[in-house]
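Reader: I'd love a close look at one part of this chain, with a bit of the wider setting around it. Could you walk me through it?

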Amino acid sequence: MKTTTNTPAFIPKMYCSLFGHNYKVTKQVTYHVKEYTCSHCKKQLTTNSNGNLIELTPKFQEINAILERIHHSRMERKQRKVIASSVY
């Protein structure tokens, strides 16, 4: 008799198909772009340029990483500018 190893992975997917996904924010890339993960089936989504949720593919992971780096450097530069202007 053959046992299936997919049975534990099938249960969360079945739960999500019956009750819907339970997405949690796992990463805030910028103020408007976030990454989400379903707490049951581990499906990952992100927001696109229109603000709609789409599946998180390797292409969008790369885009989000670049966006995060640009956003972080801008925020650091802005913070340095505020600190420098408060000194004068």
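How many salt bridges does the count come to?

Author: Happy to! Please keep in mind that this is a predicted model. The count comes to one salt bridge, and its partners are E68 and K27, whose closest N and O atoms lie 3.2 Å apart. That distance fits the rule, because a side-chain nitrogen of Lys or Arg has to be within 4 Å of a carboxyl oxygen of Asp or Glu.

Now for where the two partners sit. E68 belongs to helix α2, which covers residues 58-87, while K27 belongs to strand β1, residues 23-28, so the salt bridge ties together parts that are 41 residues apart in sequence. To place these two elements, follow the chain from its N terminus: the order is α-β-β-β-β-α, with two helices and four strands in total.

How open are the partners to the surroundings? E68 has a relative accessible area of 28%, so E68 counts as partly exposed. K27 comes out at 32% relative accessibility and is therefore partly exposed as well. Both labels follow because partly exposed is the range between under 20%, called buried, and over 50%, called exposed.

For the wider setting, the chain has 88 residues, and 17% of them are buried. Its accessible surface is about 7300 Å², with 58% of that belonging to carbon and sulfur atoms. Among the contacts in the chain with a separation of 6 or more, 24% are between residues 24 or more positions apart.

Terms used:
Residues numbered from 1 in each chain as written. Predicted model: local features only at pLDDT ≥ 70, side-chain atom pairs only at ≥ 80, totals over all residues. Heavy atoms only, no water. Buried < 20%, exposed > 50% of the residue type's maximum accessible area, 1.4 Å probe, protein only. Contact = heavy atoms within 4.5 Å. Areas by Shrake-Rupley, 256 points an atom, 1.4 Å probe, with all protein chains shown as cover.
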